[in-house]
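Trainee: I have a model open and would like to go through its fold and its charged contacts. Can we take it step by step?

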Amino acid sequence: MNAIRPVSDLRNNFADISKTVHETQQPVFLTKNGYGDMVVMSMEAYENMQFESEVYFKLLEAEKQAALTGTRFSSNDVLKILQKAASE
């Protein structure tokens with residue numbers, strides 16, 4: 001469930017917000033005058049989000065490249081290529 005709090009809680013209840021984002025690994029949404037203003041999350045959650053985003057974009061790029069060529073590799077083919085590259 002999303003935690004939504006007024007931005008003033010960042011100043012008045014920082015320790016509670018910090019505890020929440022670290023324990024739940026979920027962001028806390030901060031509002032200003034009733035409208036969304038900021039999102040606070042733990043560093044670990046942010047790094048995980050960045051990693052997942054990078055993986056997603058790499059997969060998207062691979063799908064685009066695959067659409068342009070008819071070349072396909074099995075998992076065994078890829079493993080052999082990686083083993084050969086590692087041994088060189």
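Trainee: In what order do the three strands of the open sheet stand?
Mentor: This is a predicted model. Its three strands make an open sheet with mixed pairing. The order is β1-β2-β3.

Trainee: Which strands stand at the edges, each with a single partner strand?
Mentor: The sheet is open. An edge strand here has a single partner, so one of its sides is left without a neighbour in the sheet. That describes β1 (3–6) and β3 (35–40).

Trainee: By how many degrees are neighbouring strands of this sheet turned against each other on average?
Mentor: Direction is ignored for this angle. The average between neighbouring strands is 35 degrees.

Trainee: Do β1 and β2 pair in the parallel or the antiparallel sense?
Mentor: Strands of a sheet pair through backbone hydrogen bonds, in one sense or the other. Strand β2 covers residues 28–32, and four bridges join β2 to β1. A3 stands opposite V28, and I4 stands opposite F29. The sense is parallel.

Trainee: How many bridges join β2 to β3?
Mentor: These two strands run antiparallel. V28 of β2 stands opposite V40 in β3. The number of bridges is five.

Trainee: Which residue takes a positive phi in the hairpin of β2 and β3?
Mentor: Look at the two residues between the strands of the hairpin. The phi in question is near 55 degrees. The residue is N33.

Trainee: Which helix packs on the sheet, touching β1, β2 and β3?
Mentor: Its residues are 14–24. Its direction makes about 140 degrees with that of β2. It is helix α2.

Trainee: Now the charges. How many salt bridges does a search of the whole structure find?
Mentor: R5 forms a salt bridge with D9, with the closest N and O atoms 3.0 Å apart. R5 also forms a salt bridge with D16, where the closest N and O atoms are 2.9 Å apart. R5, D9 and D16 are thus linked in a network of salt bridges. The search of the whole structure finds two.

Trainee: How many residues apart in sequence are the parts that R5 and D16 tie together?
Mentor: The two residues form a salt bridge. R5 lies in strand β1 and D16 in helix α2, so the pair ties a strand to a helix. The separation is 11 residues.

Trainee: Is R5 buried or exposed?
Mentor: Buried means under 20% relative accessible area. R5 has 14%, so R5 counts as buried.

Trainee: How do D9 and D16 count by relative accessibility?
Mentor: The cut-offs are under 20% for buried and over 50% for exposed, with partly exposed in between. D9 is at 14%, so D9 is buried. D16 is at 38%, so D16 is partly exposed.

Trainee: Which residues does D9 touch, not counting those up to four places away in sequence?
Mentor: D9 is found in helix α1 (residues 8–12). Residues up to four places away are left out of the list. The contacts are F14 and I17.

Trainee: Last, the surface. Which residues form a nonpolar patch there?
Mentor: Together they have about 400 Å² of accessible area. The patch consists of F73, V78, I81 and L82.

Trainee: Why does L82 count as exposed?
Mentor: L82 lies in helix α4 (residues 75–87). Exposed means over 50% relative accessible area. L82 is above that cut-off, so L82 counts as exposed, at 53%.

Note on methods:
Residues numbered from 1 in each chain as written. Predicted model: local features only at pLDDT ≥ 70, side-chain atom pairs only at ≥ 80, totals over all residues. Heavy atoms only, no water. Patch = residues over 30% accessible without salt bridge, like charges linked within 9 Å, V, L, I, M, F, W, Y side chains within 5 Å. Areas by Shrake-Rupley, 256 points an atom, 1.4 Å probe, with all protein chains shown as cover. Salt bridge = Lys/Arg side-chain N within 4 Å of Asp/Glu carboxyl O. Buried < 20%, exposed > 50% of the residue type's maximum accessible area, 1.4 Å probe, protein only. Pairing = 2+ DSSP bridges. Axes fitted to C-alpha atoms, helices over the stretch in contact; angles between N-to-C directions. Contact = heavy atoms within 4.5 Å.
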